[in-house]
Amino acid sequence: MNARTTLVRLREAARERVRDARIPSGPPLRPTRRAWQFDVLVALVVGIATVHYGIDNVGNIVLREVAPGVEVAVPRPSGPGGLALMVTLAAVASGALALRRRFPLAVLSVVTAATLATPHSVMRLTFYAFVIAVYSAAVHSPYRTATLVALPVSVLLVGTSGNSVTPIVPNEYIALLILVPMAGAAIGLRTWKLRTDEGRTRLSALEHEQGEVLRRAVEHERARIARELHDVVTHNVSVMVIQAGAARKIMITSPEQAGEALLAVEAGGRAAMTELRHVMGLLTMDDRDEGTDADTEAALAPQPGLDQLETLVGRVRNTGLHVDLTVAGPPRSLPPGLELAAYRVVQEGLTNTVKHASGATAAVTVDYGPRQLRVEVTDTGGHPGTGSGSGRGLIGLRERLAVYGGTLNTGRRLTGGYRVEALIPLETP
């Protein structure tokens with residue numbers, strides 16, 4: 001390492017220190033109302049005491065014994081000019097203390113200037129305010145580097161401005177005046193460190209909490225998308241499989257019926273595509289402008305509701321399953337999400353009948369009660385189909401209904417078959 005490299009590093013370190021001096025280590029202190037009141041009280045007490053001291057010492061001549069048997073006469077400011085000077089210095093130094101927490105470095109500068117301007121014979125006018133200003137800067141200033149520079153400079157300037165003939169305070173109080181600010185500064189630094197640690201802890205906890213909220217939101221959205229995809233794909237594909245199988249079996253003997261079955265397969269495929277576009281459109285809302293008109297129209301299309309049960313039941317009937325649809329009570333307008341949940345209950349119930357009860361008949365009942373909506377899908381039982389279920393559909397239905405305070409009851413019927421019943425509370429019209 002040569003001298004040039006060392007010089008460059010020292011210069012960079014100095015620049016970094018100067019740059020850090022302008023960066024606060026934390027937010028500026030916002031004193032409470034009680035703290036403001038206390039500071040104003042301190043300023044008043046110090047101001048009254050020092051102004052009284054100034055008035056009481058106008059024109060006085062103090063004899064100081066600088067050596068055994070040697071006295072020196074020290075005159076103090078006299079006349080109206082001297083009185084005005086001492087009162088002004090005392091008022092400025094003590095009045096600045098009212099802002100000692102909010103602007104500690106500025107207060108230190110003002111009080112230091114007033115102290116340097118104070119005549120040596122009456123240094124007590126501003127010295128006590130100077131001690132409080134030093135303590136306040138050490139404890140409350142958020143600019144730590146600037147404070148570490150300002151404090152020794154101010155103390156050095158004030159300490160070298162006096163003389164041995166006119167000491168500011170009696171000698172027996174010097175040790176106390178040195179130890180008290182040091183203890184106060186130490187306590188203040190410890191308080192500042194504890195406050196900084198607490199702030200970091202709160203910030204870390206807040207970040208952790210926000211991360212948990214975001215993670216739960218992502219999991220909830222992922223589960224919702226999985227339910228939508230399951231309901232859309234399972235129902236339509238199951239119907240298409242049944243229709244395609246039927247068409248294959250009767251293709252030679254009944255080509256006309258086979259054609260109708262294939263048309264049902266086509267209709268089921270179109271319905272699946274429409275609902276899939278809707279789900280995918282929700283996932284790609286930001287890219288909607290770049291999509292096709294068909295995708296945009298499908299994404300903006302409303303979700304299926306109870307008014308489309310006839311279409312749903314019609315598609316299932318085309319598979320050969322006999323389905324009765326009964327609507328009891330006066331239909332009423334319901335929230336779209338609630339209608340979608342009820343629609344999915346019917347869709348899942350009929351899908352399970354198609355998959356697991358071949359040859360059965362099914363019945364769908366929608367009962368608009370005054371306080372609840374009851375949706376029931378029953379079948380008479382039949383031969384197990386070729387499809388296998390994961391049980392995810394009923395789990396998804398329970399989660400979907402729980403959002404609206406609804407419940408799902410499922411189980412075998414005593415007379416044979418299976419029953420799916422959803423009870424959803426309604427607001428009283």
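**Exercise 1. Which residues are linked in a network of salt bridges?** Work out the pairs and how accessible each partner is.

*Solution.* Keep in mind that this is a predicted model.

Step 1. Start with the full tally: a search of the whole structure finds nine salt bridges. Side chains of opposite charge can pair when their charged atoms come close.

Step 2. Look at Glu 376. Arg 374 forms a salt bridge with Glu 376, with the closest N and O atoms 3.5 Å apart. Arg 419 also forms a salt bridge with Glu 376, and here the closest N and O atoms are 3.5 Å apart. This second pair links distant parts of the chain, since Arg 419 is in strand β7 (residues 418–425) and Glu 376 is in strand β5 (residues 372–379), 43 residues apart.

Step 3. Follow Arg 419 onward. Glu 421 forms a salt bridge with Arg 419, the closest N and O atoms being 3.2 Å apart.

Step 4. Check the accessibility of each partner. Buried means under 20% relative accessible area. Glu 376, at 15%, is therefore buried, and Glu 421, at 11%, is buried too. The arginines are partly exposed: Arg 374 has a relative accessible area of 23%, and Arg 419 has 30%.

Step 5. Put the pairs together: Arg 374, Glu 376, Arg 419 and Glu 421 form the network.

**Exercise 2. Describe how β6 and β7 are joined.**

*Solution.*

Step 1. Find the pairing. Strand β6 (residues 407–412) and β7 pair in the antiparallel sense, over six bridges.

Step 2. Pick out a facing pair: Arg 412 stands opposite Tyr 418 in β7.

Step 3. Inspect the connection. The two strands, β6 and β7, form a hairpin with five residues between them. In the turn, Gly 416 has a positive phi of about 105 degrees.

**Exercise 3. Which elements supply at least two residues each to the largest nonpolar core?**

*Solution.*

Step 1. Identify the core. The largest nonpolar core has 31 residues, and those with the most contacts inside it are Leu 306, Val 323, Val 346, Leu 350 and Leu 373.

Step 2. Assign it to elements. At least two residues each come from α10 (309–317), α11 (336–356), β4 (361–368), β5, α12 (392–402) and β7. The largest share, eight residues, is supplied by α11.

Step 3. Zoom in on Leu 350. Not counting residues up to four places away in sequence, Leu 350 touches Val 313, Val 316, Val 323, Ala 362, Val 364 and Val 377.

Step 4. Look beyond this core. Apart from it lies another core, of 20 residues, among them Leu 89, Ala 93, Phe 130 and Ala 133.

**Exercise 4. Is Leu 108 buried or exposed, and what does it contact?**

*Solution.*

Step 1. Place the residue: Leu 108 is in helix α4 (residues 104–117).

Step 2. Judge its accessibility. At 2% relative accessibility, Leu 108 counts as buried.

Step 3. List the contacts. Leaving aside neighbours within four places in sequence, Leu 108 is in contact with Phe 130, Ala 133, Val 134, Ala 137, Ala 150, Leu 151 and Ser 154.

Step 4. Take one contact as an example of sequence against space. Leu 108 and Val 134 are 26 residues apart in sequence, while their C-alpha atoms are 6.3 Å apart in space.

**Exercise 5. Why do the buried residues of α6 lie on the same side of the helix?**

*Solution.*

Step 1. Check the helix itself. Helix α6 (residues 144–159) has 16 residues and reaches 22 Å from its first C-alpha to its last, close to the 22 Å expected at 1.5 Å a residue.

Step 2. Collect the buried residues of α6: Arg 144, Thr 147, Leu 151, Ser 154 and Val 158. They lie on the same side of α6 because they cover an arc of only 85 degrees around the axis.

Step 3. Turn to the other side of α6, where Leu 148, Val 149 and Leu 156 are exposed.

**Exercise 6. What covers the buried residues of α2?**

*Solution.*

Step 1. Describe the helix. Helix α2 (residues 33–56) has 24 residues and reaches 34 Å from its first C-alpha to its last, close to the 34 Å expected at 1.5 Å a residue.

Step 2. Find its buried positions; among them are Ala 35, Asp 39, Val 42, Val 46 and Tyr 53.

Step 3. Name the cover, which includes α3 (79–95) and α5 (124–140).

Key:
Residues are numbered from 1 along each chain as its sequence is written. This is a predicted model: local features need pLDDT of at least 70, side-chain atom pairs count only at pLDDT 80 or more; totals for chains, interfaces and linings use all residues. Side-chain values use heavy atoms; hydrogens and water are left out. Helices (H or I, at least four residues) and strands (E, at least two) are DSSP runs, numbered from the N terminus. The expected span of a helix is 1.5 Å times one less than its number of residues. Buried means under 20% relative accessible area, exposed over 50%, partly exposed in between (1.4 Å probe, protein chains only). The arc is that of the directions from the helix axis to the C-beta atoms. A salt bridge is a side-chain nitrogen of Lys or Arg within 4 Å of a carboxyl oxygen of Asp or Glu. A nonpolar core is a set of buried Ala, Val, Leu, Ile, Met, Phe, Trp, Tyr and Cys residues joined through side-chain atoms within 4.5 Å. Contact means heavy atoms within 4.5 Å. Two strands pair if DSSP finds at least two bridges between them.
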